Amino acid sequence: MTDSQEKRPLGAAGWIATLAGSGRMGQAPGTIGSAEACIIAYFLPAQVMPWAILAAILVGTWASGAHARALGQSDPGEVIVDELAGQWIALAGHMVSRASAGWLIPCLALFRLFDILKPWPVNKLEKLPGGVGIMADDLLASVEANLCLVAFRYFFQGQSGTGLLTWFL
């Protein structure tokens with residue numbers, strides 16, 4: 001990041017897209033955004049999480065696209081609202097109360113792994129234009145991470161009905 005970008009004041013879209021500027025805090029902004037999402041999720045009631053995810057996706061798509069256009073970049077590293085939405089989807093159904101906070105670290109690790117490696121078809125989605133492309137690859141990476149943890153819990157712990165499946169079954 002250049003000094004001019006760091007000193008540029010953030011508008012509403014930039015403030016949302018960078019999670020109040022924390023995307024500008026240096027190295028590994030995606031991991032910073034994911035960690036922030038985990039902290040917020042710890043305090044967010046489970047009943048609110050689906051609505052928070054929907055809001056993060058809708059507002060995040062607009063904000064990330066607008067901020068990327070303002071910077072003249074296709075997917076600026078400082079945009080981390082996609083990590084917020086993605087991390088929350090990775091956590092969906094696994095972290096249902098503070099008592100299940102032990103799933104925060106595995107969900108964080110799996111989401112970051114899928115987000116960084118971008119296995120097919122995640123890598124195809126990042127080529128979509130604007131805010132849709134910025135958000136879409138992280139959203140699919142988070143679904144893959146969530147379902148991977150569902151499979152782990154089913155096969156190794158005998159737990160069914162976890163993860164995103166709890167919202168649809």
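**Exercise 1. A salt bridge across the chain**

Find how close the N and O atoms of Asp137 and Lys118 come in their salt bridge, keeping in mind that this is a predicted model.

*Solution.* Start with the two side chains: the closest N and O atoms of Asp137 and Lys118 are 2.6 Å apart, and the pair forms a salt bridge. Next, place the partners. Asp137 sits in helix α8 (residues 130-157), while Lys118 belongs to the loop between α6 and α7 (122-125). With their positions 19 residues apart, the pair links distant parts of the chain. Finally, check the surroundings: Asp137 and Lys118 are both buried. For Lys118 the relative accessibility is 18%, and the cut-off for buried is under 20%, so Lys118 falls on the buried side.

**Exercise 2. From one pair to a network**

Work out which residues are linked with Asp137 and Lys118 in a network of salt bridges.

*Solution.* Stay with Lys118 for a moment. Lys118 also forms a salt bridge with Asp115, where the closest N and O atoms are 3.0 Å apart. Now move on to Asp115, which is buried with a relative accessible area of 5%. Asp115 has a salt bridge with Arg112 too, with the closest N and O atoms at 2.7 Å. Asp115 and Arg112 are three residues apart in helix α6, so about one helical turn separates them. Arg112, like Asp115, is buried. Put the pieces together and add Glu83: the network links Glu83, Arg112, Asp115, Lys118 and Asp137. For context, the whole structure has five salt bridges.

**Exercise 3. Two helices crossing**

Describe how helix α4 (residues 49-71) packs against α8.

*Solution.* Take the geometry to begin with: the axes lie 7 Å apart, at an angle of about 130 degrees. This angle makes α4 oblique to α8. Then look at the handedness, which is right-handed for this crossing. Last, list the residues that meet. From α4 come Ala56, Ile57, Gly60, Thr61, Ser64, Gly65 and Ala68. Their counterparts in α8 are Gly130, Gly131, Val132, Ile134, Met135 and Leu139.

**Exercise 4. A serine in a loop**

Decide whether Ser100 is buried or exposed, and identify what its side chain reaches.

*Solution.* Locate the residue: Ser100 is in the loop between α5 (81-91) and α6 (104-117). Its relative accessibility is 13%, so Ser100 counts as buried. Now follow the side chain of Ser100, which reaches the backbone oxygen of His94 at 3.4 Å. Leaving aside residues up to four places away in sequence, Ser100 touches His94 and Met95.

Methods. Residues are numbered from 1 along each chain as its sequence is written. This is a predicted model: local features need pLDDT of at least 70, side-chain atom pairs count only at pLDDT 80 or more; totals for chains, interfaces and linings use all residues. Side-chain values use heavy atoms; hydrogens and water are left out. Helices (H or I, at least four residues) and strands (E, at least two) are DSSP runs, numbered from the N terminus. Buried means under 20% relative accessible area, exposed over 50%, partly exposed in between (1.4 Å probe, protein chains only). A polar contact is a pair of N or O atoms within 3.5 Å; within protein, one must be able to donate a hydrogen and the other to accept it, and residues adjacent in sequence count only if both atoms are side-chain atoms. Contact means heavy atoms within 4.5 Å. A salt bridge is a side-chain nitrogen of Lys or Arg within 4 Å of a carboxyl oxygen of Asp or Glu. Axes are lines fitted to C-alpha atoms, for helices over the stretch in contact, and angles run from 0 to 180 degrees between N-to-C directions. Angles under 35 degrees count as roughly parallel, over 145 as roughly antiparallel, 65 to 115 as roughly perpendicular and the rest as oblique. A crossing is left-handed if the near helix is turned anticlockwise from the far one by less than a right angle, and right-handed if clockwise.
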